[in-house]
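I opened this notebook page to record what I looked up, one entry at a time. My topics were charged side-chain pairs and the surroundings of a single loop residue.

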Amino acid sequence: MSCLRLILITMVALVLSGCARDLPRYAAPNPQIETGFYEDIATPKLALLEFRLGEYFAREQRPYEVVCAASMNIEPSVSTSKPVPLAPEIEIALIERFPELSSLGRCEHRGIDVVARDTGVAAAIFDVNEFSCQAPDNCLGWGGYYANGPHGWSYYRMRFERGEWRIRREDLGIVLTGDGSS
């Protein structure tokens, strides 16, 4: 009977988690390494960056072998644009949590592409941009990556509740028009 009870509890938990209004904190390769960004009201931008990295590294298949993180984004159309590095202690904390994350020095912007400086393979640079807070506990911003022309940014709303940043994707209500024949 205890096995049946465990199955029932698990099913109820899964159903209820689908009703949660906040996105989950994605599991990281080293979940025992905590950065503290989620629990610090003063680090919303870093919590969003960590969230997006966690989301990426939780995937079974990843489109980019080399992934770096930056403090500010590059301007894709300007070949001389350079990403702004994170503070060294922040980059180290993120690399400890995500061992497959590379130092920003390994990613290079070449034209509209991002490549690994040492191997030349396609790479991605994760960042957070157009980030603002309406109040210390209520923020909005784009989080994601730029890589070889394409990008993987999504818009997020963040609220600091119950001692940590709660992150959810924000629907912008963008409607595409036209039939695509032009």
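Entry 1. In this predicted model, I looked up Glu-108 and found that it forms a salt bridge with Arg-110, with the closest N and O atoms 2.7 Å apart. I then checked how far each partner is covered: Glu-108 counts as buried, because its relative accessibility of 18% falls under the 20% cut-off, whereas Arg-110, at a relative accessible area of 41%, is partly exposed.

Entry 2. I turned to Arg-157, whose side chain meets that of Glu-170 in a salt bridge, the N to O distance being 3.5 Å. Arg-157 belongs to strand 7, residues 154-161, and Glu-170 to the segment after strand 8 (164-169), so this pair ties together parts that are 13 residues apart in sequence. For the accessibilities I noted that Arg-157 counts as buried at 14%, while Glu-170 counts as partly exposed at 21%; I put the latter in that class because 21% is not under the 20% that buried requires. On the same page I wrote down a network in which salt bridges with shared partners join Arg-52, Glu-55 and Arg-169.

Entry 3. I asked myself how many salt bridges the structure holds, and the count I entered is 10. I then looked up one between Arg-106 and Asp-118, whose side chains meet at 3.0 Å, N to O. Arg-106 sits in the loop between strand 2 (101-102) and strand 3 (107-110), and Asp-118 in the loop between strand 4 (113-116) and strand 5 (123-135), so the salt bridge ties together parts that are 12 residues apart in sequence. Is Asp-118 buried or exposed? I recorded Asp-118 as exposed, since its 53% relative accessibility is over the 50% cut-off, and Arg-106 as partly exposed, with a relative accessible area of 27%.

Entry 4. Last, I looked up Thr-43, which I located in the loop between helix 1 (2-17) and helix 2 (44-57). Although placed in a loop, Thr-43 is buried, with a relative accessible area of 14%. Which residues is Thr-43 in contact with, once its neighbours within four places in sequence are left aside? I listed Gly-36, Phe-37 and Trp-165 as those contacts.

Notes: Residues numbered from 1 in each chain as written. Predicted model: local features only at pLDDT ≥ 70, side-chain atom pairs only at ≥ 80, totals over all residues. Heavy atoms only, no water. Helix = DSSP H or I, 4+ residues; strand = E, 2+ residues; numbered from the N terminus. Buried < 20%, exposed > 50% of the residue type's maximum accessible area, 1.4 Å probe, protein only. Contact = heavy atoms within 4.5 Å. Salt bridge = Lys/Arg side-chain N within 4 Å of Asp/Glu carboxyl O.
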